[in-house]
Amino acid sequence: MLLRLKQLQALLEHESDLWANLANFAAFIFQEMPTLNWAGFYRLQGDELVLGPFQGKVACTRLKRGKGVCWAACEKGQTLLVSDVHAFPGHIACDSASQSEIVVPIFVQGSLWGVLDIDAPIKNRFGQADQDFLEQAVRILIQHTRF
Ligand code: SME
């Protein structure tokens, strides 16, 4: 985990552009974490989460407030792990292959900016170690990026 975080830091630390860092971050996660089918960002805009840089199949562009895993993580203000998306009421299936999901809300200077959303094509893919890794990865992203 430490090695991958150091690699991520090396990837981001000489660039502060938002889109460049979001794009490389999504690519890095998709490349480095096994068994994923989608990894990317949704950015808060008013009452919607709007699609940002990602890796994986084409996805829903706008998620309306109050429905799905991404919004549930925003309302909770904490990382949300869903071991079986089909058992989650209101889950939005952008890619029918998705079976489990982890969403990390991103707060910049105390305000909700959006989320990091990661999907896997198997149930129970994500655990505490993944949560710790992704939360630290998001901290590195925030530290090196001009939001
Ligand atoms: N599953 C998410 C929607 C985004 S896609 O997974 C890329 C949700 O329920 O909010």
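**Notebook: a cavity and a helix pair**

I began with enclosed space in this predicted model, and the count came to one cavity of 30 Å³ or more. I then looked up the volume, and found that about 130 Å³ of space lies in the largest cavity. For its surroundings I noted 14 lining residues, of which Cys70, Ile92, Cys94, Glu101 and Asp117 are the closest to the centre of the cavity.

Next I asked which elements supply at least two residues each to this lining, and I wrote down strand E1 (38–45), helix H3 (68–76) and strand E6 (111–120). H3 gives the most, with three residues. When I sorted the lining of the largest cavity by class, I had eight nonpolar, two polar and four charged residues.

My second entry concerns the packing of two helices, which is described by the angle between the axes and the distance between them. I looked up helix H1 (residues 2–12) and helix H2 (residues 18–32), and read an angle of about 155° with the axes 10 Å apart. Because angles over 145 degrees count as roughly antiparallel, I entered H1 as roughly antiparallel to H2. I also recorded that the crossing of H1 and H2 is right-handed.

Last, I listed the residues that meet between these helices: from H1 they are Arg4, Gln7, Leu8, Leu11 and Leu12, and from H2 they are Asn21, Asn24, Phe25, Phe28 and Glu32. By class, I put down five nonpolar, three polar and two charged residues for this contact of H1 with H2.

Note on methods: Residues numbered from 1 in each chain as written. Predicted model: local features only at pLDDT ≥ 70, side-chain atom pairs only at ≥ 80, totals over all residues. Heavy atoms only, no water. Axes fitted to C-alpha atoms, helices over the stretch in contact; angles between N-to-C directions. Helix = DSSP H or I, 4+ residues; strand = E, 2+ residues; numbered from the N terminus. Parallel < 35°, antiparallel > 145°, perpendicular 65-115°, else oblique. Left-handed = near helix turned anticlockwise from the far one by under 90°. Contact = heavy atoms within 4.5 Å. Nonpolar A, V, L, I, M, F, W, Y, C, P; charged D, E, K, R; others polar. 1 Å grid on protein atoms, 1.4 Å probe; cavity = no way out; pocket = protein on both sides within 12 Å on 5 of 7 lines; lining within 4 Å. Points joined across faces, edges and corners; volume = space filled by probe spheres on them.
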